[in-house]
Protein chains: 2
Amino acid sequence: MKQQSAPTAVEPAGSAEAARQPVVGMVGAGQLARMTAAAAIGLGIEFRVLAAAADESAAQVSAGAEVGDYRSGDDLLAFAIGCDVVTFDHEHVPQHALRELVDAGHAVAPPPAALQFTQDKLAMRKRLGDLRVPCPGFQRVTSLGDAEDLADRWDWPLVLKAVSGGYDGRGVWVCRSYADIADVLAHGIEVFAEEYVAFERELAVLVARSPSGHGAAYPVVQTVQQDGICREVLAPAPGLAGQLAKDAIALGLRLARDLDVVGLLAVELFETQGGLLVNELAMRPHNSGHWTIEGARTSQFEQHLRAVLNLPLGSPTMTAPCVAMANVLGADDPDLHGKLNHVLAADPAVRVQLYGKPVRPGRKVGHVTALGDDMAEVRDRATRAARYLATGSEEA
Amino acid sequence: MKQQSAPTAVEPAGSAEAARQPVVGMVGAGQLARMTAAAAIGLGIEFRVLAAAADESAAQVSAGAEVGDYRSGDDLLAFAIGCDVVTFDHEHVPQHALRELVDAGHAVAPPPAALQFTQDKLAMRKRLGDLRVPCPGFQRVTSLGDAEDLADRWDWPLVLKAVSGGYDGRGVWVCRSYADIADVLAHGIEVFAEEYVAFERELAVLVARSPSGHGAAYPVVQTVQQDGICREVLAPAPGLAGQLAKDAIALGLRLARDLDVVGLLAVELFETQGGLLVNELAMRPHNSGHWTIEGARTSQFEQHLRAVLNLPLGSPTMTAPCVAMANVLGADDPDLHGKLNHVLAADPAVRVQLYGKPVRPGRKVGHVTALGDDMAEVRDRATRAARYLATGSEEA
């Protein structure tokens, strides 16, 4: 007889001892942690998040969600217990708290010395200058007098940036007059000025680096921003000159090495007549990489997990010739699910990700990805679906 | 100024009211529920599992895991509270308990009347006979005398099957003598005899159906079984005649409609000289569909969620010309993660899914998927990786 076992019902659970699974703790529980949670399931990684509230995006979907304050060394130390590595879905954990984790013997990825370059934009600009990486001109501004000197040298408009705490266009002010500058300085926060760059378009390169020095780069993408918020990502960047694409990838891999990044490094770039300039850095999964969930053999979220665990990195090869991602930005209607039916029926091949976040105007609450052979077509599909989810209309 | 907001740290969580998310409850917390949990994250679906133990495969990764007995009407009723629909990762929930759920007003998908055809194989055979679906000959066997009649008519070997409770080859006995038959009857369970089919190979067709009658079918696959356990799945089935593929898909869609299935229906088929015969049915995500996670635009797990929630079904189109899936069957070494490093380094494009289950010999503890343009190549990659994960050697 081929089979001899008597029929039984469901297999008994847990009757053999399970081998220990790797444990990754992510500080922060926004959509980046949420999508990382989904990636962790496949590789059998135990994934924990430190959430600010029990109903946060990633906390909703994680068995291992703890609530605590990411600014508290004590909360971080308690969270780190049992984790093989602690990583981040944002860059707001203070350096003193990061150092406490390291001093207590916990693996922290990226390491605090790397992460500081995403926390202190002035330090980042200085370091990139030392590394001879092309960047816009910059200078610290503490008074209206400093700004007057710069306006003479660089001409208007003048960009002021908060040294720390900014993201999604927050903490960036394009000033067209001294009155604008005075308004920014009145916030009483540390700022610096940057030369206004009349760029052709914005690009981004996303690379991963593991502690052993293994690196992998995704194809260079074009990002379409509006009011400082990413609206669309096109992969690969349409019509990008081969040499520029190579340069961008080489730059991303070099920066990851020189800044000693572990995990992902996203480099936001300006494409200008004179070449590429670095705009911003992030050391975590990044909006410019959401397209990789379906559009690359290995998603950025899995890649980050592999990197911080020092597992071999996965293939960043694209799964289709053209991929477009469009963010769903909250509008007036708080009910995304009520509109999902139409979107899924209208285009059965479009990929929707919803973040489980309350809808607020302008807030990133989901994204849509379309894949195909023609960039104009996939871009149209993704943006129409994203617009409908947000507004209930496909019209711009 | 483009941006006027003062820089803030992380966005406050939950300060706006979140719209209600759809809630799906899945009874059972094995790997099928685990992979469904990952799919639920993307569509913003709240996913709950009823687990037999807190450390079960899906319970490890689900925020909404409850422990209870799937045979208990009371446990099921308590679990169903707040769920928009209750569905299943196995077919072992007794009919009386299913009926209690329905009587209490809960949506159950698939409905009990459909699910019975996966619970009672004799009822399934009779129903398929009524529907004039080609199947092997079958007859109830209660005594050695019954079997003697059949052996005269059908010749040896004779297949005996348990009417209920079997899966993965359990509850199937290929008998080559009256002594074998007597051994099976000695178990004291309800059995029936089936004509032994000298098939060319085994195929499977996977379809989804929503309550509104919308259907979608994945390409027909070949399954490679050993000792009644699925080892490999090849998509699409290599060299399958176009007409047979069409017939199989039409059969799957027709059966889903005629049996009033809601959710997935997997139809296991024998390809014979005379055409296709139906072997088994399942109404849940199925091992023959694991390749769809990366190999189809919509995975079977997402498709099941869409179907049971009556959302439009997603595109079942393949993402690559050839996809091969190989199961990781437990061997002696309980530590899969210790071998993951080699597998990921050897083939950065291979996709690994680990189920978080304790390793026991022969138990399904994970699977590997490879995608590409050449079936022999992707099959080799998937099987070598799966073998290494199980045994620490790439040799068969």
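**Entry 1: confidence.** I began at the N terminus of chain A, where pLDDT stays under 50 over residues 1-16, and I noted that the model nevertheless has 39 contacts beyond four places in sequence for this stretch. Since this is a predicted model, I then looked up the scores for the whole chain, and found that chain A averages a pLDDT of 93, with 94% of the residues scoring at least 70. For the model as a whole I wrote down an ipTM of 0.93 and a pTM of 0.94.

**Entry 2: overall build of chain A.** I went through the secondary structure of chain A and recorded twelve helices and 17 strands. The radius of gyration came out at 22 Å, close to the 21 Å that the globule rule gives for 396 residues, so I entered chain A as being as compact as a globular protein of that length. I also took the span of the C-alpha trace along its principal axes, which is about 90 × 55 × 40 Å. On burial, I found that 52% of the 396 residues of chain A count as buried. Turning to contacts in chain A with a separation of 6 or more, I noted that 61% of them are accounted for by residues 24 or more positions apart.

**Entry 3: domains of chain A.** I looked up the domain assignment of chain A, which gives domain 1 as residues 23-108, domain 2 as 137-195 and domain 3 as 201-391. I then turned to domain 1 and domain 3 of chain A, whose centres, taken over C-alpha atoms, are separated by 22 Å. Their contact takes 17 residues from domain 1 and 16 residues from domain 3. On the domain 1 side of this contact, I found that helix 1 (31-42) and strand 4 (85-88) of chain A each supply at least two residues, and that helix 1 gives the largest share, seven residues. Sorting that side of domain 1 by class, I counted nine nonpolar, five polar and three charged residues.

**Entry 4: helix 11 of chain B.** Which residues of helix 11 (residues 337-346) in chain B are buried? I found B:Leu340, B:Val343 and B:Leu344 to be buried there. They cover an arc of only 95 degrees around the axis, which means that they lie on the same side of helix 11 of chain B. I finally checked what covers these buried residues of helix 11, and my list includes strand 16 (351-354) and helix 12 (375-391), both of chain B.

How values were computed. Residues are numbered from 1 along each chain as its sequence is written. Chains are lettered from A and ligands numbered from 1 in the order in which they are written. This is a predicted model: local features need pLDDT of at least 70, side-chain atom pairs count only at pLDDT 80 or more; totals for chains, interfaces and linings use all residues. Helices (H or I, at least four residues) and strands (E, at least two) are DSSP runs, numbered from the N terminus. The radius of gyration is taken over C-alpha atoms; the globule rule is 2.2 Å times the number of residues to the power 0.38. A residue is buried if 20 or more other C-beta atoms lie within 10 Å of its own, exposed if 12 or fewer, and partly exposed in between; C-beta atoms are placed from the backbone. Two residues are in contact if their C-beta atoms, placed from the backbone, lie within 7 Å. pLDDT is the predictor's confidence in each residue, from 0 to 100. The arc is that of the directions from the helix axis to the C-beta atoms. Domain bounds come from an automatic or database domain assignment. Ala, Val, Leu, Ile, Met, Phe, Trp, Tyr, Cys and Pro count as nonpolar, Asp, Glu, Lys and Arg as charged, and the others, Gly among them, as polar.
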